[in-house]
Amino acid sequence: MDVDGKFLNTALLLVATIVVAKLISAFIVPKSRKRLPPVMKGWPIIGGLPRFLKGPIFMLREEYPKLGGVFTLKLFHKNITFLIGPEVSAHFFKASESDLSQQEVYQFNVPTFGPGVVFDVDYSVRQEQFRFFTEALRVNKLKGYVNQMVVEAEVICSLLHPSETRKLIATLIKGVGFVTGTISQSGDQVVRFDLKYELEHLIILTASRCLLGRERSLPIPANPAHKRRDKARKKLAQIFANIITSRKNANKSEDDMLQCFIDSKYKDGRPTTDTEITGLLIAALFAGQHTSSITSTWTGAYLLCNNQYLSAVVEEQKKLMEKHGDRVDHDVLAEMDVLYRVTTREGKEYDIPKGHIVATSPAFANRLPHIFKDPDRHGCLGEPFAYLQIKAIWTHLLRNFELELVSPFPEIDWNAMVVGVKGKVMVRYKRRVLSVNQ
């Protein structure tokens, strides 16, 4: 009892000290003349944590009408200032590094990407590394990547026999099957699979072929966290290191992203190190994996729930097949305007104090009904690569399978770092070859 009493007294003393310090700060310390953003109401110490954990989007929907486009959320010792709406979003997306620094916020990426790359280096070095990415994503490079995307999609989907339940994408990643076979009354086999799960891995595999070309031999770890993340990163780094050494020892040049990073040089003439190349490859592999797989999944869900759009993209495929035959390359994908459109996606002034984390939410801001009639999106460096990847995959699916959504239309997962799909997206499919005469 004495120990419990001492603990209670200590806790009460701590709370009282915090309250007194707040009062002193409010009434004695001179107030800044700067106009600070309004602060969300919250609990002492933890601030708005309970509401934030229930779902950031729901919190923003409640606070935006009351506080406007700029307001601060307190979470323990951290202050997160949101910039919502077109009046202030440019300050988030176009601010200079001296005004808004990414490095401190994105430190959680360093254990995954590794030392010496992206957010583990100063801004000038990071900009040069981004230049390496830009060079690797130029149109002349993208044209070569498309062929590798198509080959990977064809290889993976060819593992499915038309009359036999087989492991498809998971065969290359795990030692377990993923499909459930059922026999219809007519005797034809109908196979069901989780579209979301399989597209996540297909995106990884097509991206890895573009990164590493024919030398791809990549066992993809499934969402490693902390110790498992570090172990997986170490294993992945060793795989990449072996491939880099093999490529350099062979003294040959390939048309893939690995070769671009090997050939890259900094402004002072220094070549990239093997450690940097490994980090850049991992960053390139995972940077767009979630966004591309999520976009691919939503594309499928919407197509399979809206027959008019599905018919339109299938008809587009027929016209392109009539014009180009079975050829699928960069130029053919560029003509897929219907499929592309299916996949796409006055203010007050405040002084934001130094040290605040500045955040925005395109998922909320781009759906403000008084501004946007239709949702918009924010472009990124890898966007052209991502759309080619998504169109290459869906071109193969549309030309070789009949697809039917058998689960309810998916809900939105607002709590993920990238707004995604909640639960499984179960699809029934049968193999068939699309004909221009169908």
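Select helix H6 (residues 123–136) together with helix H11 (residues 274–287): the two pack at an angle of about 65 degrees, and their axes are 12 Å apart. The model on the screen is a predicted one. Turn the view until both helices are visible, and H6 can be seen to pass H11 in a right-handed crossing. Now show the side chains where the two helices meet. From H6, pick Gln-129, Phe-132 and Phe-133; from H11, pick Glu-276, Leu-280, Ala-283 and Ala-284. Sorted by class, the residues of this contact are 5 nonpolar, 1 polar and 1 charged.

**The whole chain**

Clear the selection and colour by secondary structure. The protein chain has 17 helices and 9 strands. Of its 438 residues, 42% are buried. Switch on the surface: the accessible surface comes to about 24800 Å², and carbon and sulfur atoms account for 56% of that surface.

**The loop before H6**

Go back to H6 and step towards the start of the chain. Val-118 is in the loop between helix H5 (110–113) and H6. Its phi is positive, about 50 degrees, although Val-118 is not a glycine. Most residues other than glycine have a negative phi. Is Val-118 buried or exposed? Val-118 has a relative accessible area of 4%, so it is buried.

A second residue of this kind can be selected in another loop. Ile-45 lies between helix H1 (2–27) and helix H2 (49–54). The phi of Ile-45 is near 70 degrees, again a positive value in a residue other than glycine.

**H7 against H17**

Next, select helix H7 (residues 139–157) and helix H17 (residues 383–400). Their packing angle is about 35 degrees, with the axes 9 Å apart. The crossing of this pair is right-handed. Which residues of H7 meet H17? They are Leu-142, Tyr-145, Val-146, Met-149, Val-150, Ala-153, Glu-154 and Cys-157. On the H17 side, show Pro-384, Phe-385, Leu-388, Gln-389, Ala-392, His-396 and Leu-397. By class, the contact of H7 with H17 consists of 12 nonpolar, 2 polar and 1 charged residues.

**The nonpolar cores**

Keep Tyr-145 selected and add Phe-261, Trp-394 and Leu-403. These four have the most contacts inside the largest nonpolar core, which has 66 residues. Which helix gives the most to this core? Helix H17 does, with 8 residues. There is also a second, separate core of 17 residues; to find it, select Ile-80, Phe-82, Phe-364 and Ala-365, which are among its members.

**Thr-395 in H17**

Return to H17 and pick Thr-395, which is found in this helix. The relative accessible area of Thr-395 is 1%, so the residue counts as buried. What does Thr-395 touch, leaving aside residues up to four places away in sequence? Display Gln-317, Val-328, Leu-333, Met-336 and Leu-339 to see these contacts.

**Two partly exposed residues**

Move to helix H8 (residues 195–212) and select Glu-200, which lies in it. Buried means under 20% relative accessible area and exposed means over 50%. Glu-200 has a relative accessible area of 25%, so it is partly exposed. Not counting residues up to four places away in sequence, Glu-200 touches Gln-289 and Ser-293. Then select Ser-296 and draw a distance between the C-alpha atoms: Glu-200 and Ser-296 are 8.6 Å apart in space, although 96 residues separate them in sequence.

The last stop is helix H9 (residues 227–250), where Gln-238 lies. Gln-238 is partly exposed, because its relative accessible area of 46% falls between the two limits. Draw a second C-alpha to C-alpha distance, from Gln-238 to Thr-278: the two residues are 40 apart in sequence and 8.8 Å apart in space.

Technical notes: Residues numbered from 1 in each chain as written. Predicted model: local features only at pLDDT ≥ 70, side-chain atom pairs only at ≥ 80, totals over all residues. Heavy atoms only, no water. Axes fitted to C-alpha atoms, helices over the stretch in contact; angles between N-to-C directions. Helix = DSSP H or I, 4+ residues; strand = E, 2+ residues; numbered from the N terminus. Left-handed = near helix turned anticlockwise from the far one by under 90°. Contact = heavy atoms within 4.5 Å. Nonpolar A, V, L, I, M, F, W, Y, C, P; charged D, E, K, R; others polar. Core = buried A, V, L, I, M, F, W, Y, C linked by side-chain atoms within 4.5 Å. Buried < 20%, exposed > 50% of the residue type's maximum accessible area, 1.4 Å probe, protein only. Areas by Shrake-Rupley, 256 points an atom, 1.4 Å probe, with all protein chains shown as cover.
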